[in-house]
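This report concerns strand pairing, burial and nonpolar packing. The sequence and coordinates are shown first.

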Amino acid sequence: MRNLCCLILLLFALSSAPPLRAADPEDKVVGLLDGLLFFATNDKVSEVTEEMQEAAATLDPKLMADLRLRLAKAFPEQKNYQLLGRHTQNVLQQYESWVVPSKDLCLKIDSRGPTADNGIKLHVQLWQEKKVLVKCDAVLKPANPVFIGGPNWRGGRLVFVVVQK
């Protein structure tokens, strides 16, 4: 599975996200999640942008520490993990939701309903420009974020993390 995600994200190139759909007041929210885009590298990140500082400042320090430990286990070839972007999004029961932590990467989320243990069954689509690169089903649980290893980029690699709030 990890190799498949890496292969899928190797197709990823910097591009704009597809247009977002405005939520209807009638939409039922079935969950809330964060989409986090990390840059994993062995070097210190030399250029920290205002957006990167803002994304990191708004994330719970305990969650950030936990995610860094999990990233180190999932991607042991890298030592430093810099948060590049973050997007908090409601998951809607009847309509798609978009997780856009940066203008370069986005996920379309369709809810398949809740699980018995407070998780959410999801149908996920990874988008590049106006193209779907991959479709998959996943179960997102509060204590179990989903990690997607990305391509090599600027001397490191991109990693997408989805966390249920």
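The following paragraphs describe a predicted model, beginning with a strand and its partners.

**Strand β1 and its pairing**

Strand β1, spanning residues 29-41, is mostly covered, with ten of its 13 residues buried. Its antiparallel pairings with β2 and β8 are set out below, each with a pair of facing residues.

| Partner of β1 | Residues | Bridges | Orientation | Opposite residues |
|---|---|---|---|---|
| β2 | 80-92 | Twelve | antiparallel | F39 and Q82 |
| β8 | 156-164 | Nine | antiparallel | L36 and V161 |

**Nonpolar cores**

In soluble globular proteins, nonpolar side chains tend to be buried together. In this model, the largest nonpolar core comprises 19 residues, and L33, L107, I109, L122 and F160 have the most contacts inside it. Two or more residues are contributed to this core by each of β1, β2, β4, β5 (120-128), β6 (131-140) and β8. Strand β5 supplies the largest share, namely four residues.

Excluding residues up to four places away in sequence, L33 is in contact with H87, T88, Q89, V91, V99, L122, L140, V162, V163, Q164 and K165. Another core, of 14 residues, lies apart from the largest one; L36, A40, A55 and L83 are among its members.

**A buried aspartate**

D110 is located in strand β4, which covers residues 105-114. Why does D110 count as buried? Its relative accessibility is 16%, and the term buried applies under 20%. With residues up to four places away in sequence left out, D110 touches Y95, E96, K121, L122, H123 and Q125. L122 is thus named both among the contacts of D110 and among those of L33.

Technical notes. Residues are numbered from 1 along each chain as its sequence is written. This is a predicted model: local features need pLDDT of at least 70, side-chain atom pairs count only at pLDDT 80 or more; totals for chains, interfaces and linings use all residues. Side-chain values use heavy atoms; hydrogens and water are left out. Buried means under 20% relative accessible area, exposed over 50%, partly exposed in between (1.4 Å probe, protein chains only). Two strands pair if DSSP finds at least two bridges between them. Contact means heavy atoms within 4.5 Å. A nonpolar core is a set of buried Ala, Val, Leu, Ile, Met, Phe, Trp, Tyr and Cys residues joined through side-chain atoms within 4.5 Å.
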